[in-house]
Amino acid sequence: MTARDAKTRSSGGHRPPLQFGSKRLFYAGLALVALAEIVLPLIFRSSESHFSFEDFPAWGSLYGFASCVAIIVVSKVIGKFWLMRREDYYDS
């Protein structure tokens, strides 16, 4: 390997072979899982729902996403107002 090859490889000139198209495959997999969560409950009906909103298509995914967003927002608020200190906190 020459110095020029090393320079183009480190500057982003070439992608490593395992990452070529991996983002596209990842998003295709996410779309497939979301579609499966909508379609499969329609095919395999169960009478185990305790509440009416549990029958909504993709309820588990939507509930999990909203819960994750809520955890992130609450964590940022707690970090901002309770955990963070002034820059000169230890100087005084």
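What follows is a walk through the fold, the surface and the side-chain contacts of this protein.

The model is a predicted one, and confidence in it varies along the chain. On average the protein reaches a pLDDT of 81, with 77% of the residues scoring at least 70. Helix α1, covering residues 3-10, has the lowest mean pLDDT among the elements, at 55. The highest mean, 93, belongs to helix α3, which spans residues 59-83.

As for the fold, there are 3 helices and 0 strands. Read from the N terminus, the order of elements is simply α-α-α. Helix α2 takes in residues 22-43.

Burial is scarce here: of the 92 residues, just 2% count as buried. The exposed surface of the protein comes to about 9,100 Å², and carbon and sulfur atoms supply 66% of that area. Part of the surface is a nonpolar patch of about 660 Å². Its makers are Leu35, Ile38, Val39, Leu40, Leu42, Ile43 and Phe44. One of these residues, Leu42, sits in helix α2. Leu42 has a relative accessibility of 49%, so it counts as partly exposed; the exposed class begins over 50%.

The loop between α2 and α3 holds a residue worth a look, Ala58. Although Ala58 is not a glycine, its phi is positive, at about 65 degrees. Is Ala58 buried or exposed? Its relative accessibility is 14%, and it therefore counts as buried, given that the cut-off for burial is under 20%. Ala58 can also be set beside Ala36, a residue of helix α2. In sequence the two alanines are 22 residues apart, while in space their C-alpha atoms are 8.9 Å apart. Ala36 has a relative accessible area of 28%, so this alanine is partly exposed.

Next come the aromatic rings. How many aromatic pairs does the structure hold? The count is 5. One of them joins Phe51 and Phe53 in a stacked arrangement, with 5.4 Å from centre to centre and 5 degrees between the planes. That pair counts as stacked because planes under 30 degrees apart fall into that class. Phe53 is partly exposed, because its relative accessibility is 41%. The ring pairs also build a cluster, in which Phe51, Phe53, Trp59 and Tyr63 are linked.

Another ring, that of Tyr89, has a charged partner. Arg85 lies over the face of Tyr89, at 5.5 Å from the ring centre.

Charged side chains also meet each other. Side chains of opposite charge can pair when their charged atoms come close. Across the whole structure, a search turns up 1 salt bridge. Which side chains meet in a salt bridge? The partners are Arg86 and Asp88, with 3.3 Å from N to O. That distance qualifies because the limit for a salt bridge is within 4 Å. The two partners fall into separate accessibility classes: Arg86 has a relative accessible area of 56% and is therefore exposed, whereas Asp88, at 40%, counts as partly exposed.

Put together, the picture is of a protein with 3 helices and 2% of its residues counted as buried. Its side-chain contacts include a cluster of Phe51, Phe53, Trp59 and Tyr63, as well as the salt bridge between Arg86 and Asp88.

Notes:
Residues numbered from 1 in each chain as written. Predicted model: local features only at pLDDT ≥ 70, side-chain atom pairs only at ≥ 80, totals over all residues. Heavy atoms only, no water. Phe/Tyr/Trp six-rings, centres within 6.5 Å; stacked < 30°, edge-to-face > 60°. Buried < 20%, exposed > 50% of the residue type's maximum accessible area, 1.4 Å probe, protein only. Lys NZ or Arg CZ within 6 Å of the ring centre and 35° of its normal. Helix = DSSP H or I, 4+ residues; strand = E, 2+ residues; numbered from the N terminus. Areas by Shrake-Rupley, 256 points an atom, 1.4 Å probe, with all protein chains shown as cover. Patch = residues over 30% accessible without salt bridge, like charges linked within 9 Å, V, L, I, M, F, W, Y side chains within 5 Å. pLDDT = per-residue confidence, 0-100.
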